[in-house]
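User: I have a two-part request. Take me through the salt bridges, then the backbone oddities. Keep it brisk.

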Amino acid sequence: MIILGANSEIAREFTELMLQKQSFVTVYLLSSNAEQLVTFKKHLEVKYKTEVKIIPFDLMGQIKLDFSAMEYNLVFSAAGYLGDTEAGVIAKTEDMSRIMAINYSGLVHFLNAVANDLLEKENGTIICISSVAGERGRQSNFIYGSAKAGITAYLSGLRNFLYKKNIHVMTVKPGFMDTKMTRGMDLPGPLTINPKKAAHLIYSGYKKKKNTIYISGIWRLIMFVIRNIPEIIFKKLSL
Amino acid sequence: MKIEKTISNWGNFPKLKASEYLFENLHKTQGILEAEESVLARGNGRCYGDAALNNAVVSTLSLKHFLSFDETEGTLTCEAGVLFSDILNLVVPKGFFLPVTPGTKFITVGGAIAADVHGKNHHKDGCFSEFVTQLKLVIDTGETIICSRTENTTLFWETIGGMGLTGIIVEATFQLKRIANSYIYVESIKAKNLTEIMALFEASEDWTYTVAWIDCLQKGKHIGRSILMRGEHARPEQLSNKQQKEPFKLSPTKAIKIPFNFPRFVLNTLSVKAFNWLYYNKQTPKTIKKVTHFEPFFYPLDSLLEWNRIYGKSGFIQYQFVIPKGVGKEALQDILQTIAKSNQGSFLAVLKLFGKNNPKAYNSFPIEGYTLALDFKVNKKLYKLVPELDAIVLKYKGRIYRAKDSLSNARLLDYVKVHNTKFNSVQNRRINKATP
Ligand SMILES: Cc1cc2nc3c(=O)[nH]c(=O)nc-3n(C[C@H](O)[C@H](O)[C@H](O)COP(=O)(O)OP(=O)(O)OC[C@H]3O[C@@H](n4cnc5c(N)ncnc54)[C@H](O)[C@@H]3O)c2cc1C
Ligand SMILES: NC(=O)c1ccc[n+]([C@@H]2O[C@H](COP(=O)([O-])OP(=O)(O)OC[C@H]3O[C@@H](n4cnc5c(N)ncnc54)[C@H](OP(=O)(O)O)[C@@H]3O)[C@@H](O)[C@H]2O)c1
């Protein structure tokens with residue numbers, strides 16, 4: 001199994017859950033902060049007696065990994081970057097290119113490479129976390145939102161493309177999650193889920209071979225409402 | 001990154017607005033130590049009073065990784081924020097158990113060392129520290145020091161029971177105990193009064209686990225009415241067929257969450273009386289023997305997650321003292337009488353006889369003698385009752401457990417000696433202020 005964004009709490013919870021449910025020869029942890037993964041690697045080795053390999057990997061750079069040499073049939077990506085959520089975001093070019101690369105362009109390069117390799121391996125599953133933020137651009141985070149919209153569209157195309165090849169793609173759209181990305185933000189309690197719960201929902205979606213899941217389910221309804229607000233009203237709102 | 005929030009420990013009293021950092025790495029911790037006037041490590045907040053409170057706290061809950069587990073020797077190394085519940089999940093199926101455990105499994109390893117927790121086997125095995133071979137501590141300079149029984153020993157013993165005042169424990173190695181299954185053979189024995197229960201404790205010295213539940217609303221000749229529970233890890237032949245099928249079973253029960261703060265009146269004297277009566281009469285014969293899973297035996301309250309909310313918004317305190325064995329009877333008599341007179345019933349009252357203490361672990365709370373832990377809802381009358389109880393404990397040369405305290409006389413708490421200024425707590429400042 002390949003985990004991208006292994007320092008994300010959700011990635012870690014999901015990795016542990018998968019190891020509790022089935023066995024994997026090797027767990028590859030891909031991360032832009034590889035040195036922070038050393039204890040997590042030991043933890044997995046102690047708890048699950050599995051082989052764990054840490055691979056330094058940055059979505060801002062070139063993809064130089066040889067996936068064909070890796071043994072896996074599940075790829076999970078929790079990579080994402082929210083960036084500055086203050087109004088000045090359109091002035092911050094550096095932050096903007098990070099947002100676009102980590103949530104979209106870099107990720108597309110990565111997933112393309114993986115998909116090509118899975119085609120050779122002839123089976124597998126790709127799970128990628130996008131966001132409800134991709135369903136409608138809002139003033140507070142629309143660079144991020146548009147990148148998420150892009151990755152959502154990409155994933156649906158990829159799913160379609162790989163369908164006949166025995167490779168499944170699942171898109172995960174979280175609403176609010178209580179993670180290091182949102183630490184210190186004032187999130188609405190009832191709509192916010194913790195990484196452990198999120199991992200469980202993702203796992204059950206995976207088991208049921210879902211195409212797109214919202215976590216939690218209530219967000220499907222919320223986004224239905226938000227998508228259907230007429231633009232003439234929406235543009236005046238401060239969401 | 002820090003967040004501003006109101007924090008409190010298990011008693012929901014007192015509450016404090018504080019800056020909470022999450023432990024991320026050594027570099028960032030150094031920054032925190034430079035930026036803040038004083039800092040305190042905080043585990044899972046399962047102490048009751050003001051021990052794990054400070055204006056700036058570093059939560060160790062992010063330090064939740066296992067680092068190594070030697071399954072032949074039974075030695076475990078993990079980060080300090082690992083919970084006892086996680087350890088049980090890992091080690092029980094492999095035939096090991098915690099060498100010492102308090103009455104909840106939701107505490108961190110760091111909290112267990114900082115408070116040097118005791119369990120039902122204190123008279124046999126001592127405190128948790130007896131099994132700790134090494135720890136890693138981040139001190140005021142931001143350096144990490146490895147301390148053990150042979151290396152940096154002064155700091156090692158100062159940190160044991162040091163209530164977080166020496167630094168942030170980030171990692172520890174300790175010895176587990178081997179078990180043959182998850183079950184405990186338990187005998188529950190009724191005691192009519194104080195004389196009986198004390199005799200039962202003495203007679204049960206050879207049992208690994210002993211503890212008594214005491215009805216502290218009794219007066220006169222019924223004072224000390226209680227039930228002693230003594231237990232041993234069950235032998236394979238004591239298990240039922242069903243138990244034998246899955247000898248290392250984990251949690252038998254599903255946890256129930258108490259969803260909101262109960263209104264205060266729920267816990268009035270009457271309901272406490274009813275609870276006590278029920279508990280006592282539930283068992284008709286004098287002795288009941290059974291084989292039970294370790295979970296209800298060690299953690300009877302853990303299946304009611306957040307049970308602390310039943311005391312309502314104003315919270316509660318826990319009052320736990322120990323008095324030397326020799327004066328046990330007079331002191332317990334005095335204290336139980338004072339409580340009964342106050343009509344401040346305790347929902348839970350747990351009595352235990354501690355064994356000898358390890359003089360090296362000089363900051364640890366237990367000394368040989370009787371320890372009683374009581375819960376009281378916070379209300380006005382408490383500010384009168386606590387000093388009354390303190391006076392009795394003081395008179396008999398006892399002491400109070402810092403991990404439970406929020407209101408007691410500093411002279412009962414100043415047995416903890418730590419030389420440091422960077423790490424501090426609301427509790428420690430309160431104690432230092434009162435004892436110049
Ligand atoms: C239901 C219940 C039953 C209990 N039964 C018992 C019992 O039988 N015996 C017993 O001894 N105790 C008992 N306790 C108390 C509990 O075991 C201790 O208070 C323990 O210290 C709590 O651990 P924690 O991780 O929640 O620490 P916290 O409550 O967060 O902190 C407690 C103290 O430890 C320090 N600390 C925590 N982590 C670190 C660290 N990494 N480095 C340095 N210092 C640190 C804090 O600064 C604070 O002073 C019980 C508590 C409850 C709620
Ligand atoms: N939290 C929420 O409320 C919320 C809501 C909707 C969607 N999401 C999405 O959920 C996913 C998980 O996020 P999270 O909340 O767990 O936040 P997070 O902790 O910040 O996780 C995101 C992860 O992305 C990886 N990453 C960042 N920059 C990278 C780079 N240059 N190259 C490679 N990987 C990089 C990091 O992992 P490494 O350090 O290991 O590289 C990081 O841990 C993200 O896609 C996020 O957009 C979150």
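User: Is A:Glu9 buried, partly exposed or exposed, and what is its relative accessible area?

Analyst: This is a predicted model, so every value here is computed from predicted coordinates. Buried means under 20% and exposed means over 50%, so anything in between is partly exposed. A:Glu9 falls in that middle class, with a relative accessible area of 26%.

User: Which residue forms a salt bridge with A:Glu9, and how far apart are the closest N and O atoms?

Analyst: The pair crosses between chains. A:Glu9 sits in helix 1 (residues 9-21) of chain A, and its partner sits in the loop between strand 4 (56-59) and strand 5 (66-70) of chain B. At 29% relative accessibility, that partner also counts as partly exposed. The partner is B:Lys64, with the closest N and O atoms 2.8 Å apart.

User: Which side chain does B:Glu295 meet in a salt bridge?

Analyst: B:Glu295 lies in helix 9 (residues 294-298) of chain B. The other residue is in the loop between strand 7 (96-97) and helix 3 (109-114) of chain B, 190 residues apart from B:Glu295. Both residues are buried. The N to O distance is 2.8 Å, and the partner is B:Lys105.

User: Which residues are joined into one network by salt bridges that share partners?

Analyst: The network takes in residues from chain A and chain B. Its members are A:Glu9, A:Glu13, A:Lys196 and B:Lys64.

User: What is the N to O distance in the salt bridge between A:Lys53 and A:Glu51?

Analyst: A:Lys53 is partly exposed at 38%. A:Glu51 is partly exposed too, at 39%. The cut-off for a salt bridge is within 4 Å. The closest N and O atoms of this pair are 4.0 Å apart.

User: How many salt bridges are there over all chains?

Analyst: The rule pairs a side-chain nitrogen of Lys or Arg with a carboxyl oxygen of Asp or Glu. Over all chains the count comes to 30.

User: Now the backbone. What end-to-end distance does helix 3 (residues 93-121) of chain A have, against what its 29 residues should span?

Analyst: At 1.5 Å a residue, the 29 residues should span 42 Å. There is a kink of about 60° in this helix, centred on A:Ala101. Just after the helix, A:Glu122 takes a positive phi of about 70°. The end C-alpha atoms agree with the expected span, at 39 Å apart.

User: Which residues does the cis peptide bond with omega of about -5° join?

Analyst: The serine of this pair is in the loop between strand 9 (212-215) and helix 6 (218-227) of chain A. The bond joins A:Ile215 and A:Ser216.

User: What is omega for the cis peptide bond between B:Phe13 and B:Pro14?

Analyst: B:Pro14 is found in the loop between strand 1 (2-7) and strand 2 (16-22) of chain B. The bond from B:Phe13 to B:Pro14 has an omega of about -10°.

User: A:Lys209 and B:Asp116 both have positive phi. Is B:Asp116 buried or exposed?

Analyst: A:Lys209, with phi of about 55°, is exposed at 52%. B:Asp116 has phi near 40° and lies in the loop between helix 3 and helix 4 (122-125) of chain B. Its relative accessibility is 0%, so B:Asp116 counts as buried.

Technical notes:
Residues are numbered from 1 along each chain as its sequence is written. Chains are lettered from A and ligands numbered from 1 in the order in which they are written. This is a predicted model: local features need pLDDT of at least 70, side-chain atom pairs count only at pLDDT 80 or more; totals for chains, interfaces and linings use all residues. Side-chain values use heavy atoms; hydrogens and water are left out. Helices (H or I, at least four residues) and strands (E, at least two) are DSSP runs, numbered from the N terminus. The expected span of a helix is 1.5 Å times one less than its number of residues. The bend at a residue is the angle between axes fitted to the seven residues ending there and the seven starting there. Buried means under 20% relative accessible area, exposed over 50%, partly exposed in between (1.4 Å probe, protein chains only).
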